[in-house]
Amino acid sequence: MKVVLTNIGTMISGDWRQPFIDGDALVMDNGRLGSIGTVASGDIDSADLVVDAGGMTAIPGIIDSHVHITFGDYTPRQKTVGFLESYLHGGITSCISASEIHVPGRPVDPAGIAALALAAQRCFQTYRPGGMRVYAGSVIMEPGLADAHFESLAAEGVWLAKVGFGAFAKPVDVTPIVRSAQRHGFKVMCHTGGASIPGSAPITADDLITMQPDIAGHCNGGPVALSDAGLERVVKESTMALQIAQAGNIRSAALTIRLAEANDQFDRVLISSDTPTGTGVMPLGVIKSLTEMSTLTEVEPERIIATATGNCTRVYDLDAGLLKPDMAADVTLIDASQGCTQSDALAAMRNGDIPAVAAVFSNGIPRFIGKSRNTPPPTRQLRITKNKVLQQFKEEGVHHCC
Ligand SMILES: [Zn+2]
């Protein structure tokens, strides 16, 4: 499918160093982004679908780097069906598993842990609920995992791991296992701050600095934050990604942004939801945090948006998160919500108002156009100016069973 967006008011790249893109149009062709900025008339002639964005703002599809998936589009923690499709209606086109810890009766022995991660990775390889791409299969670190487990899982394409729930006497006892995983190319996320649920343990700045995971998961607490001094040490004494979560402490989240700015470390900042959890199912979790950080800190919204787009590209080596030719064709259109006192999406965010999500394209396929079921409607209107698509939009290449 070839889709062209025209008459875009503002294009945000996802790269905080150069957040704005000149021009007003872009092409999505067979799942990849094509020209960005200007579009040749030949592209419009050959397009299956042309959407006039009416002056709205285009951003890369949002990436939620901390989601507690299990199997299918279901969360046992909050007993909710269809939550991933709902998150797509919050502008999110990719989710990264923060481990399948919520699977009822999840195994704790090494063979079972490895099998769970591999099964989750496989189950989401082509399955996209509502169009959502899910990076699944995160190894839950427990005693007994050995180098050979990571070697064989890496060979099968598993690349995520999570520290924070294992039966270790002291949190830092996991450190040799973290090194094994990193040797085999795993991105290791570690719980940060106070305990999350009964049975989990607090993880301090000292623990993190000893462990050196790749990502300090919810560094503003999930839900209870580190001390401010501890957070400052993690910023200054490590290179790990600083992942802010909606489900954490909002004051600590703003402090993370300010510390990263003051120490020239903005590349490391990620904004995620850390849901579904006790905080609930939050389809607008990421866009709400992006808005909160845009209004509570001095950093401009076009740069804050990079924390859930281009910064994820860098930290996780993804092919999504940037409006750039050849990247995955994941695009979200946002605008000031109807009735907002501000004139466009960025001004709305600066003012503290969650923008309207007006359309989402993932893998180059329109998932909805006009308005999200989870936000207010936009101020501006989208217009479909050409449509050769004869049937309902759906994922291509997905096998449907009887
Ligand atoms: Zn979590």
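The following exercises, with worked solutions, concern a predicted model.

Local features need pLDDT of at least 70, side-chain atom pairs count only at pLDDT 80 or more, and totals for chains, interfaces and linings use all residues. Residues are numbered from 1 along each chain as its sequence is written, and side-chain values use heavy atoms, without hydrogens and water.

**Exercise 1.** Determine which residues coordinate the zinc ion and where His-68 and Asp-274 lie.

*Solution.* Step 1: donors are N, O and S atoms within 2.8 Å of the metal (3.2 Å for Na, K and Ca); water is not among the atoms, so sites may look incomplete. Step 2: His-66 (NE2), His-68 (NE2) and Asp-274 (OD) coordinate the zinc ion at 2.1 to 2.3 Å. Step 3: along the chain, these donors follow the spacing H-x1-H-x205-D. Step 4: His-68 is in the loop between β8 (62–67) and β9 (74–75), whereas Asp-274, 206 residues apart, is in the loop between β18 (269–272) and α9. Helices (H or I, at least four residues) and strands (E, at least two) are DSSP runs, numbered from the N terminus. Step 5: both His-68 and Asp-274 are buried, that is, under 20% relative accessible area (exposed is over 50%, partly exposed in between; 1.4 Å probe, protein chains only).

**Exercise 2.** Locate the cis peptide bond that precedes Pro-276.

*Solution.* Step 1: most peptide bonds are trans. Step 2: the bond from Thr-275 to Pro-276 is cis, with omega near -15°. Step 3: Pro-276 is found in the loop between β18 and α9.

**Exercise 3.** Describe phi and exposure for Gln-212.

*Solution.* Step 1: Gln-212 is not a glycine, yet its phi is positive, about 50°. Step 2: Gln-212 lies in the loop between α6 (205–211) and β16. Step 3: Gln-212 counts as partly exposed because its relative accessibility is 25%.
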